[in-house]
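Good morning, and thank you for coming. I would like to take you through one structure, beginning with the place where its chains meet. Please look at the display as I speak.

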Amino acid sequence: MAGSGTPCASCKLLRRRCTSECVFAPYFPAEEAQRFAMVHRVFGASNVSKMLQEVPPAQRADAVSSLVYEANARMRDPVYGCVAAISFLQHQVSHLQKQLALAHAHTAALQLQLQQQQQLQHQLQQDHDQHEHCILQNALPQLMLQDAFLKKESMWT
Amino acid sequence: MDSSITRLQLADLLLPCMPCKYIRWKDLGVSSPNPAKIVRSKTGDIMPENDDDDDRPPPPPPHPAARRCAACRYLRRRCADDCVLAPFFPASRPHRYFCVHTVFGASNVARLLQSLPMAERGNAANTMAMEAYWRVQDPVYGCTGIINRLQDEIRAVQCELARTQALLAIALAAAASRQLQPPPPPPPQQDRAGGRPVVVVVRGQQQQEEEEEQSPPAPSLMDPADEYLNLDGL
């Protein structure tokens, strides 16, 4: 029973005496009558009472919150209820996963392109170095000959 | 329960309901049905029999228990011809109605279905069956737990998408800057023997080598050791 002896919203709606052992009292205060009205209309007081009794006391508040949410959704949309929200969220997840896959594909393609460019530049640099080496090898005998010729000239002079 | 509700699970729960197993002989077009002479096709359909034994007495009507829907069977009552729940809760799926009865109750379900047009009742029954099933699986959160998990999954995928798109933008910017700044050309080579410098120019991806003949500079007598070290003509 709620504070100051006032019956809870459920006992008020069901027109019964609200005892201290009322299972609804902690979760449906008298100020929030609309919440219990929705839950009672969709699920029924007896079903809600059974469901709350099967749940540990520490989790009953969460259970009541979820029941109120479902009842509200069912009242707003009598045909689909919460399933409409689940379907919408599932569709959103699918759409985002497709976008993520596309972004991954773009990233992989770009990385491959950059790697190919780097390999090409590396190959060009290697070819350039090899060309320099060849030039050096070809020029070395001539330089030695030139040096020997210059030394001969100096000996004569 | 799995964190993500796949399309297969949703489709499985949204399968169209089978009609109540009530054989109406007049609808089959059989004048004097005889169960002993019913001919079935390969698919199990009842084929029309020959009208050559009209003098035989008609068979007794089927047992009332054989034509009850899952709801009336659970409630142990006679299933009327205009039973509201019969089209949506066949006897072949008793667990489906058990969940609905546990969560919503027979009267609430019937009242809700009666308040809807005929075209919407099938979807309403299916969604109620799904919600009831999820509530039986998770007595605390029910289908709201699935909604929370889907929202968490959406947040995770959005973060991953933002991170991937940021990396992609960085890679694109790096690629663009690399294209705008081509690699510097190598310094020109000078041939010591003929005094004809050989210039090798590498132009990015085109790989063009050009030899340009320039005016030969005046040869300078250098130390042989320095010549060997300073081969690039600088």
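A polar contact, as I shall use the term, is a pair of N or O atoms within 3.5 Å, where within protein one atom must be able to donate a hydrogen and the other to accept it. Please also keep in mind that this is a predicted model.

With that rule, how many residue pairs are in polar contact across the interface of chain B and chain A? The rule finds 16 such pairs, both residues having pLDDT 80 or more. Several helices of chain B take part in the side that touches chain A: α4, α5, α6, α7 and α8 each supply at least two residues. Of these, α7(B), which covers residues 143-180, gives the most, with 19 residues. Sorted by class, this side of chain B has 31 nonpolar, 17 polar and 11 charged residues.

Let me now describe the interface as a whole. On chain B, 59 residues are in contact with 55 residues of chain A. The area buried between the two chains is about 5,200 Å², and carbon and sulfur atoms give 67% of that area. Two salt bridges are counted between chain B and chain A. In one salt bridge, Arg135(B) pairs with Glu70(A), and their closest N and O atoms are 2.7 Å apart.

I turn next to a single helix, α4 of chain B, which runs over residues 94-103. Which of its residues are buried? They are Arg96(B), Tyr97(B), Cys99(B), Val100(B), His101(B) and Val103(B). As background, an α-helix has 3.6 residues a turn, so residues three or four places apart point the same way. After α4(B) comes Gly105(B), whose phi is positive, near 95 degrees.

Finally, let us consider positive phi values in residues that are not glycine. Arg15(A) has a phi near 55 degrees, and its place is the loop between α1 and α2 of chain A. In chain B, Arg76(B) has a positive phi of about 55 degrees, although it is not a glycine either. Arg76(B) lies in the loop between α3 and α4 of chain B.

Are these arginines buried or exposed? The cut-off for exposed is over 50% relative accessible area. Arg15(A) counts as exposed because its relative accessibility is 77%. Arg76(B) is likewise exposed, because its relative accessibility is 75%.

Thank you for your attention.

Methods: Residues numbered from 1 in each chain as written. Chains lettered and ligands numbered in written order. Predicted model: local features only at pLDDT ≥ 70, side-chain atom pairs only at ≥ 80, totals over all residues. Heavy atoms only, no water. Buried < 20%, exposed > 50% of the residue type's maximum accessible area, 1.4 Å probe, protein only. Helix = DSSP H or I, 4+ residues; strand = E, 2+ residues; numbered from the N terminus. Contact = heavy atoms within 4.5 Å. Buried area = accessible area lost by both parts, 1.4 Å probe. Salt bridge = Lys/Arg side-chain N within 4 Å of Asp/Glu carboxyl O. Polar contact = N/O pair within 3.5 Å; in protein donor to acceptor, adjacent residues only side chain to side chain. Nonpolar A, V, L, I, M, F, W, Y, C, P; charged D, E, K, R; others polar.
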